[in-house]
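Student: Could you take me through one part of this structure closely, with the cut-offs spelled out as you go?

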Amino acid sequence: MAAALVCAALDWGAVEAGNKRREYVLKPLTTGLLVVAAVVLREAVEPSRWGPTVAALVLSLLGDVFLMLRRERFAAGLWCFLFAHLAYVLAFDTLRADVPTAVAGAVVLLAGSVLYGRLRRGMLAREQGEFAVPVAVYNLAIGAMLVSALVTPFRPEWDGLHTAFAIVGAVLFMLSDSLIGWTRFVRSFPRSEVAIMVTYHLAQVLLLLALLG
């Protein structure tokens, strides 16, 4: 975990400096170290939670690689992270047909719909309408992951510390992905790439601590 955080910080510096060569090494190395940490924690965690968490991190690692290739594979990266979020949903195992899930789902769906509407207008304006459906499906997947984290305070098996890790991690993941969509389909802003990586890495670390820590 410490090594992953060090690599993450070095990666943020590489992104800030525009050093692609270092970024190509440090970005996947950070996620790879989190995979190793998850594997090491296997004995202390229920298999039903451990397996999906490792799968989510491995899929995230693949998504990292696709998104940083010299000839970026945005669609492939999108699908990798979509399935990563579904794996996180399985790891949380908190979705129930109850009031907390319904309320959290309604709030997330409303906020996600507003954001998606703006992204879709940007896609059409930039003649990238082919991403409209995949991004819509992706929004549903990450929304489900966020709802899974938001309802942890209402689940007796979750204590306060792990609940905090889960919620902050899920919100940061949503923020990171929202920034990616915004900079790609709407407009960029200064140091947007650094903001994307900082929120992304912190999200993955916190989710790992929430689920396996």
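Tutor: Happy to; here is a close look at helix α1, followed by the core it joins. This is a predicted model, where local features need pLDDT of at least 70 and side-chain atom pairs count only at pLDDT 80 or more, while totals for chains, interfaces and linings use all residues. Residues are numbered from 1 along each chain as its sequence is written, and side-chain values use heavy atoms, with hydrogens and water left out.

Helices here are DSSP runs of H or I with at least four residues, numbered from the N terminus. Helix α1 covers residues 2-17, 16 residues in total, and spans 23 Å from its first C-alpha to its last. That is close to the expected 22 Å, where the expectation is 1.5 Å times one less than the number of residues. Following α1 comes Gly18, with a positive phi near 70 degrees.

Now for its two sides. Ala4, Cys7, Ala8, Asp11, Ala14 and Val15 are the buried residues of α1, buried meaning under 20% relative accessible area and exposed over 50%, with partly exposed in between (1.4 Å probe, protein chains only). Viewed down the axis of α1, these buried residues fall within an arc of 120 degrees, so they line one face of the helix; the arc is taken from the directions from the helix axis to the C-beta atoms. An α-helix has 3.6 residues a turn, so residues three or four places apart point the same way. On the face turned away from the buried side, α1 carries the exposed residues Ala2 and Ala17.

What covers the buried residues? The cover includes α2 (20-40) and α8 (192-212). Trp12, found in α1, shows a link across the sequence: its C-alpha is 8.7 Å from that of Glu193, although the two are 181 residues apart in sequence. Not counting residues up to four places away in sequence, Trp12 touches Val194, Met197, Val198, His201 and Leu202, a contact being heavy atoms within 4.5 Å.

Helix α1 is also among the elements that give two or more residues to the largest nonpolar core. Such a core is a set of buried Ala, Val, Leu, Ile, Met, Phe, Trp, Tyr and Cys residues joined through side-chain atoms within 4.5 Å. This one has 57 residues, of which Tyr88, Phe92, Met123, Met145 and Phe173 touch the most other members. The biggest contribution, 12 residues, comes from α8.
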